[in-house]
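Let's take a walk through this structure, one piece at a time. Keep the sequence and the 3D view side by side while you read.

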Amino acid sequence: MAICGPKLSLCGLIISAWGIVQLALMGIFYYVEAVALAEDVPEVEEYTSIEDFYSKMTHGYVQNAYNCWIAALLYLITLAFSAHQFWLNNRSSTNV
């Protein structure tokens, strides 16, 4: 049963594919602690030493990396759904 039309399912395919690529790369960059993404790490307001600061920053980077990878997996589910809808729409249009 097709829920989405052919245009919407194709749009979902394209956006999901881009979302997977972008979020996977951002997750990798967070995991390697890219300095350009330091502003997006949750703020470390209280720390007692520089080692404590580095520890909290590392934890923030890793948490953001996991969040990006989880979002990429959700986009993978959306990609699978959109691909299935696209396949259903193309199959039903050729059988008419």
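D52 is partly exposed in this predicted model, with a relative accessible area of 22%. That puts D52 just inside the partly exposed class, because buried would mean under 20%. Its partner is K56: the two side chains meet in a salt bridge, with 3.7 Å from N to O. K56 is partly exposed too, at 34% relative accessibility. Both residues sit in helix 2, 4 residues apart, so about one helical turn separates them. If you go looking for others like it, a search of the whole structure finds 1 salt bridge.

K56 also leads us to the loop. Leaving aside neighbours within four places in sequence, V44 is in contact with K56, and with F53 and M57 as well. V44 itself lies in the loop between helix 1 and helix 2. Is V44 buried or exposed? With a relative accessible area of 18%, V44 is buried, because the cut-off for that label is under 20%. For a sense of distance, try the C-alpha atoms of V44 and Y54: these residues are 10 apart along the chain, and the two atoms are separated by 9.5 Å.

V44 belongs to something bigger, too. The largest nonpolar core has 10 residues: L23, Y30, L37, V41, V44, M57, Y61, A65, C68 and A72. Helix 1 and helix 2 each supply at least two residues of this core, and the largest share, 5 residues, comes from helix 2. Pick out L23 and you can see some of these links: setting aside residues up to four places away in sequence, L23 touches C68, W69, A71, A72 and Y75. C68, one of the core residues, is buried, with a relative accessible area of 9%.

Now for a polar side chain, N64. Where is N64 placed? It's in helix 2, and N64 is buried, with a relative accessible area of 12%. Not counting neighbours within four places in sequence, N64 is in contact with Y30, D40, V41 and P42. Two of those names, Y30 and V41, should ring a bell from the core list.

Since C68 has come up, what about the cysteines? By the distance rule used here, the count comes to 0 disulfides. C4, for example, is in no disulfide: the nearest cysteine sulfur, that of C11, is 10 Å away. A disulfide would need the two sulfur atoms within 2.5 Å, so a gap of that kind rules the pair out. C4 still counts as buried, at 17% relative accessibility.

Finally, turn to the outside. W18, V21, L25, I28, F29, Y31, V32, Y66, I70, L74 and I77 form a nonpolar patch on the surface, and together they have about 1,200 Å² of accessible area. Helix 1 (6-31) and helix 2 (50-94) each supply at least two residues of the patch. Which helix gives the largest share? That's helix 1, with 6 residues. V21 is a handy one to click on: V21 lies in helix 1 and is partly exposed, with a relative accessible area of 42%. Patch residues need over 30% relative accessible area, so V21 passes that cut-off.

Notes
Residues are numbered from 1 along each chain as its sequence is written. This is a predicted model: local features need pLDDT of at least 70, side-chain atom pairs count only at pLDDT 80 or more; totals for chains, interfaces and linings use all residues. Side-chain values use heavy atoms; hydrogens and water are left out. Patches are made of residues with over 30% relative accessible area and no salt bridge: like charges are joined within 9 Å, nonpolar side chains (Val, Leu, Ile, Met, Phe, Trp, Tyr) within 5 Å. Accessible areas come from the Shrake-Rupley method with a 1.4 Å probe; for residues, only the protein chains shown count as cover. A salt bridge is a side-chain nitrogen of Lys or Arg within 4 Å of a carboxyl oxygen of Asp or Glu. Buried means under 20% relative accessible area, exposed over 50%, partly exposed in between (1.4 Å probe, protein chains only). A nonpolar core is a set of buried Ala, Val, Leu, Ile, Met, Phe, Trp, Tyr and Cys residues joined through side-chain atoms within 4.5 Å. Contact means heavy atoms within 4.5 Å.
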